[in-house]
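Subject: Structure for your review

Dear colleague,

Please find below the structure I promised to pass on, followed by an account of what I found when going through it. I would be glad if you read the notes with the model open beside them.

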Amino acid sequence: AIGADMPTSFAIVTEFVPKRNRGMLLAVGNGFWIGGAVVGGLVSLAAFAIVPPVEAWRWILFSAIVPCVLVLVLRRNVPETPRWLLAQGRDDEGAEVLRETGHIGDVRAETATPRVGRGLRFADLFQKGRLRTSLITMSLFWAIINFIGSGILLYTPTVIKTLLTPSAFTAIEFGVVINALVVVANIVSSLWVIERFGRRVLAILPSAIIGLSLVAVALASHNPYVVLIGFALTTILNSGLIVGTYYSWGSELFPTSVRGRALGISNAAGKFGSLLGVLQFPILFAMSPTWSFLLLAALAFVDVIMLFLLAPETRAVSLDELEAAVPEQLPPAARVAQR
């Protein structure tokens, strides 16, 4: 259910906000994700402190009802986005929402066109051209980021305990501090960086630093300072900066009529990357800590090269402008079908 909600939610937010702060509002969602994890941890600690440990898990799962109810209440009056209604040919409904709200994102009631985003099909995502390139790029980008993030974030206490200290408590403390810094990094990148410097810089530069940090950890795993700094940089940059970039970039690159489907595919690729990271990293680490970190570094550099060559900047560009460039980059058969 969460996997179905994520692409839908980001598609809706993308279509409701103007270009001047679209990236900020999409990227800051990552901070709420980490914040939810912190709250979940506190709820778990409280449950274990109040009820017998053998029963705590029941109360932890039961507590998830609270955010579900809050979401249902807060979303009860959220309308369908006019962009989607117009793209589906439901012009009267789209115009009605525009009249009620005055404007939605970059679509205004007095200038709205009933053909914005209309005509593209699911199959067009896989045709040659920008759509297919964007889909492959964002899917691989998200899969790699999740592979690195899941392996490092989930097993940080284990790795720290193995390489640096026998104290599990100290290792967990390190993880808690890093998660707090992730939240700070996300807030900084969302509010001040992503709209000032753009998506490319916020994805490419941190990916390169992550690659270099992991190489340093692999080659100097005996040095506690290198390990601590390398892990801290990897986690903060991966989960605090790059993840937020995907949420804005992945939404902006696709037209309204296929945005939800494209986000669903790239999110699925990311979850598959998470699955591989969770399952494979401990096996690789047990076989060879050095080579496990070098593999993650190589994947980070793959992201750098791929994004540099294939991913366009979308900062300060309206959704209409981004969509207008799509038809001419599709094969002739797809352009005819769209018209």
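What distance should the 22 residues of H3 span at 1.5 Å a residue, and how far apart are its end C-alpha atoms? The expected span is 32 Å, and because the end C-alpha atoms are 31 Å apart, the helix agrees with that expectation. Please keep in mind throughout that this is a predicted model.

As for the overall make-up, the protein contains 15 helices and two strands, and 44% of its 339 residues count as buried. Among the contacts with a separation of 6 or more, 80% are accounted for by residues 24 or more positions apart.

To stay with H3 for a moment, its buried residues are Asn30, Gly31, Ile34, Ser44 and Ala47. H3 also gives the most to the lining of the largest pocket, with ten residues. That pocket holds about 2000 Å³ of space, and of the 49 residues that line it, Ile2, Asp5, Met6, Phe32 and Trp33 are the closest to its centre. The elements that contribute two or more residues to this lining are H1, H2, H3, H4, H5, H8, H11 and H12.

The interior comes next. In soluble globular proteins, nonpolar side chains tend to be buried together. Here the largest nonpolar core has 58 residues, and Met138, Phe141 and Phe293 are those with the most contacts inside it. At least two residues of this core come from each of H1, H2, H8, H9, H10, H11, H12 and H13, with H8 supplying the largest share, 13 residues. If neighbours within four places in sequence are left aside, Phe141 is in contact with Ala203, Ile242, Tyr246, Asp303, Met306 and Leu307.

Tyr246 appears again in the surroundings of Ser266, a residue of helix H12 that touches Met138, Ser139, Trp142 and Tyr246 when residues up to four places away in sequence are not counted. Is Ser266 buried or exposed? Its relative accessibility is 1%, and therefore Ser266 counts as buried, the cut-off being under 20%. The side chain of Ser266 also makes a polar contact with the side chain of Tyr246, at 2.5 Å. In addition, the C-alpha atom of Ser266 is separated by 7.9 Å from that of Gly250, although the two residues are 16 residues apart along the chain.

H13, another contributor to the core, has 22 residues and reaches 32 Å from its first C-alpha to its last, close to the 32 Å expected at 1.5 Å a residue. The buried residues in H13 are Ser292, Phe293, Leu296, Ala297, Ala300, Asp303, Val304, Met306 and Leu307. An α-helix has 3.6 residues a turn, so residues three or four places apart point the same way.

Two of the buried residues of H13, Ala300 and Asp303, also take part in lining the largest cavity, together with Ile145, Ile148, Ser207, Ile210 and Asn238. The structure holds one cavity of 30 Å³ or more, and about 30 Å³ of space lies in the largest cavity. H8, H10 and H13 each supply at least two residues of its lining.

Finally, there are two details towards the end of the chain that you may wish to look at. Most residues other than glycine have a negative phi, and most peptide bonds are trans. Ala316, however, has a positive phi of about 60 degrees although it is not a glycine, and this residue lies in the loop between H13 and helix H14. Because its relative accessible area is 44%, which falls between the cut-offs of 20% and 50%, Ala316 is partly exposed. Glu321, in helix H14, also counts as partly exposed, at 46% relative accessibility, and its side chain reaches the backbone nitrogen of Ser318 at 3.0 Å.

With best wishes

Methods
Residues are numbered from 1 along each chain as its sequence is written. This is a predicted model: local features need pLDDT of at least 70, side-chain atom pairs count only at pLDDT 80 or more; totals for chains, interfaces and linings use all residues. Side-chain values use heavy atoms; hydrogens and water are left out. A nonpolar core is a set of buried Ala, Val, Leu, Ile, Met, Phe, Trp, Tyr and Cys residues joined through side-chain atoms within 4.5 Å. Buried means under 20% relative accessible area, exposed over 50%, partly exposed in between (1.4 Å probe, protein chains only). Helices (H or I, at least four residues) and strands (E, at least two) are DSSP runs, numbered from the N terminus. Contact means heavy atoms within 4.5 Å. A polar contact is a pair of N or O atoms within 3.5 Å; within protein, one must be able to donate a hydrogen and the other to accept it, and residues adjacent in sequence count only if both atoms are side-chain atoms. The expected span of a helix is 1.5 Å times one less than its number of residues. On a 1 Å grid over the protein atoms alone, a cavity is a set of points where a 1.4 Å probe fits but cannot get out, and a pocket is an open set with protein on both sides within 12 Å along at least five of seven lines; lining residues have an atom within 4 Å of a point. Grid points are joined across faces, edges and corners, and a volume is the space filled by probe spheres set on the points.
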